[in-house]
Every structure is written in C-alpha cells, then in structure tokens.
Amino acid sequence: MKVKVISVLEDNYMYLIIEEHTREAVAVDVAVPKRLLEIAGREGVSLTTVLTTHHHWDHTRGNAELVHLQPGLAVMGADERICALTRRLAHGEELQFGAIHVRCLLTPGHTSGHMCYFLWEDECPDPPALFSGDALSVAGCGWHLEDTAQQMYQSLTKTLGTLPPQTVFCGHEHTLSNLEFAQKVEPCNNHVRAKLSWAQKRDDDDIPTVPSTLGEELLYNPFLRVTEDPVREFTGQVAPAQVLEVLCRERARFQLALEPPQPQVRALLALQWGLLSTPQEK
C-alpha cells in the first residue's frame with residue numbers, strides 16, 4: 001500500500017492510496033480532481049473509488065467534477081449530504097481493494113456523519129493507516145462541533161483511541177497552531193515542546209507534518225488527554241466530555257486571536273463556534 005499525500009487549497013490534504021500489485025487506487029477527500037487525476041496518471045494506476053470523510057465543501061468539492069471526468073467512479077461516505085454520493089456506508093462495514101482492507105468507522109462530532117477509514121494489508125510489515133479527516137488531526141481535532149462534546153469524546157476515545165498505534169493521515173495542515181494551543185494547555189509537557197520545535201522546522205522548510213501516529217498523539221494531543229490532570233486544570237472541569245467541550249471552545253478562541261478576520265466575519269465565526277449566544281426569544 002502506497003499513500004500519496006497531496007496538498008490542496010489553503011491547508012487541506014487529499015490522498016491517493018495505491019494497491020501496488022493490482023495498481024488499483026482509492027482517493028480520500030477529493031478537493032481538486034484534475035490534480036488528482038494527473039497524479040494517478042503519472043503513477044499509472046486505475047482510480048476506482050472515492051472515500052469521503054464528511055460533507056464539508058473542502059473535502060467534497062471535487063466529487064461531482066471527478067465523476068463527470070471519470071464515469072462509473074464510486075463515491076462512498078456515511079452522510080447523504082456528501083456531493084455525488086453513490087454508496088452510503090455504515091459503521092463497521094468493511095471494504096476491500098485488492099490486498100487492501102478498509103474498515104469504516106463512524107466518528108460523529110465534527111459532523112454527524114463523519115467517517116474515518118482504517119486501512120491495512122494482511123501479512124504486510126507496513127503499519128495500518130487511519131484516514132481521520134477532521135475527526136483527529138496532528139495535535140488537535142475538528143473542534144468546531146456539529147454534534148455534542150460527548151459524541152466527539154466517544155469518537156476519539158472509544159472508536160479511534162482503541163485502535164493500534166497506527167499511522168494517522170488527517171485532513172488539514174493545522175499542526176503548528178494545534179501545537180501552540182497544546183503548549184498553552186500543557187506548558188510543562190516535554191512531548192509538546194519537542195513536537196512544536198519539529199513542526200516549526202517543517203513549516204520553515206514547507207514540508208508537510210503528516211502523517212503522525214496514534215501512539216504519538218496520546219503524548220501531546222490535548223483532545224486525547226482529557227483525563228490528564230494538567231488538561232483538567234486548564235479547563236476547570238473533571239468529566240472528560242466537559243473537559244473536551246471547554247478545549248473546543250478555547251481552541252476556537254485561540255484561533256480567532258491567532259488570525260483575527262474582519263469584524264463581521266469574526267462575529268459570524270464566533271457565533272458558529274459557540275462563543276456568542278443568539279438573543280433569547282421573548
């Protein structure tokens with residue numbers, strides 16, 4: 001199994017996964033279809049399937065054009081809002097592409113229909129891979145929640161947290177700001193400090209910071225460390241879901257302070273991220 005990491009848009013990643021014996025290929029989160037097809041052509045592979053993690057436009061905007069350019073292509077995901085969807089997947093469903101096995105993992109939180117994809121090959125020395133979309137990123141998660149913090153906590157800890165310490169390919173290059181926030185949460189965490197230094201060097205050299213591993217994430221990702229005392233102290237909460245809810249809210253505040261948009265946009269984002277309340281009806 002070969003994974004091509006493709007940087008697109010402002011900070012998104014889409015992926016081309018190649019079964020090296022059959023030369024069949026599967027794409028994850030297609031945003032720029034012509035670039036994907038160009039890379040697939042250069043690799044000499046046959047693209048048969050698109051796996052979409054969730055319905056947001058920056059993860060699906062290329063689906064319709066790609067299906068037009070390549071009729072018969074299967075577009076799969078768990079949410080009926082996904083553009084050009086041809087097959088809706090269920091939690092625990094398994095797919096196979098040549099020697100590559102895919103387990104579909106429903107991970108609501110960032111969106112209600114968010115699906116992660118766990119891939120492996122039997123009798124292969126390479127570690128399995130998790131394509132986590134916006135559910136889990138390097139040192140962060142999709143902190144703008146469509147669902148509840150409790151659902152996000154279940155997704156991160158029960159669904160993803162019990163997987164082997166595999167490679168994680170996420171949906172965005174948010175590593176630097178995620179680690180800066182993680183350092184604010186846990187200023188004495190040496191793993192955060194070391195990873196931040198590494199990420200700053202990668203950023204200076206314009207090199208992607210993906211993939212990470214789940215084993216590493218448990219050391220420096222505050223959203224996976226909600227039962228640790230320093231993270232609880234930062235949030236002022238004890239219950240894991242409440243700790244996570246405060247982390248998401250504080251991460252939103254941190255982002256607004258980091259890159260303040262125009263006042264009108266700032267107010268809209270603050271409302272969307274739950275930092276402001278709408279007036280109560282009388």
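# Close-up views of the predicted model

**View 1. D29 is buried, at a relative accessible area of 3%.** Buried stands for under 20% relative accessible area, exposed for over 50%, and partly exposed for values in between, with a 1.4 Å probe and protein chains only. The model is predicted, so local features require pLDDT of at least 70 and side-chain atom pairs count only at pLDDT 80 or more, whereas totals for chains, interfaces and linings use all residues. Residues are numbered from 1 along each chain as its sequence is written, and side-chain values use heavy atoms, with hydrogens and water left out. D29 occupies the loop between β3 and α1; helices (H or I, at least four residues) and strands (E, at least two) are DSSP runs numbered from the N terminus. Although D29 is not a glycine, its phi is positive, at about 55 degrees. R23, in the loop between β2 and β3, is likewise not a glycine and has a positive phi of about 65 degrees. R23 counts as partly exposed because its relative accessibility is 28%.

**View 2. Six strands form an open sheet in the order β1-β2-β3-β4-β5-β6, with mixed pairing.** Two strands are taken to pair if DSSP finds at least two bridges between them. At the edges stand β1 (2-8) and β6 (87-88), each of which pairs on one side only. Strand β1 runs antiparallel to β2 (residues 12-18), and seven bridges join the two. One of the positions to locate is K4, whose bridge partner in β2 is L16. Helix α1 (residues 33-43) packs on this sheet and touches β1, β2, β3 (24-28) and β4 (46-51), where contact means heavy atoms within 4.5 Å. The direction of α1 makes about 150 degrees with that of β1. For such angles, axes are lines fitted to C-alpha atoms, for helices over the stretch in contact, and the values run from 0 to 180 degrees between N-to-C directions.

**View 3. A second open sheet of six strands follows the order β7-β8-β9-β10-β13-β14, and its pairing is mixed.** The edge strands β7 (94-97) and β14 each have a single partner strand, so one side of each is left without a neighbour in the sheet. Within the sheet, β8 (residues 100-106) and β9 (residues 115-121) pair in the antiparallel sense over seven bridges. The bridge partner of I100 in β9 is E121.

**View 4. The rings of F131 and F169 form a stacked aromatic pair, 5.0 Å centre to centre with 10 degrees between the planes.** Rings of Phe, Tyr and Trp (its six-membered ring) pair if their centres lie within 6.5 Å; planes under 30 degrees apart count as stacked, over 60 as edge-to-face and the rest as tilted. F131 belongs to β10 (residues 129-133) and F169 to β13 (residues 167-170), so the pair ties together parts that are 38 residues apart in sequence. Both F131 and F169 are buried. Ring pairs also link these two residues with Y13 and Y15 into a cluster. Over the whole structure, eight aromatic pairs are found.

**View 5. The peptide bond from V210 to P211 is cis, with omega near 0 degrees.** P211 is placed in the loop between α6 (190-204) and β14 (212-213). Another loop, between α5 (175-185) and α6, holds E186. E186 counts as buried because its relative accessibility is 5%. Leaving aside neighbours within four places in sequence, E186 is in contact with R225, P230 and V231.

**View 6. W143 lies in the loop between β12 (140-141) and α4 (149-160).** At 14% relative accessibility, W143 counts as buried. Its C-alpha atom is separated by 15 Å from that of T157, a residue 14 places further along the chain.

**View 7. C83 takes part in no disulfide, and the nearest cysteine sulfur, that of C104, is 19 Å away.** The structure as a whole holds zero disulfides, a disulfide being a pair of cysteine sulfur atoms within 2.5 Å. With a relative accessibility of 32%, C83 counts as partly exposed. C188, at 70% relative accessibility, counts as exposed.

**View 8. Helix α9 (residues 240-258) has 19 residues and reaches 26 Å from its first C-alpha to its last.** This reach is close to the 27 Å expected at 1.5 Å a residue, the expected span being 1.5 Å times one less than the number of residues. Buried positions in α9 include A241, V243, L244, V246, L247 and C248. Further along α9, R251, A252, F254, Q255 and L256 are buried as well.
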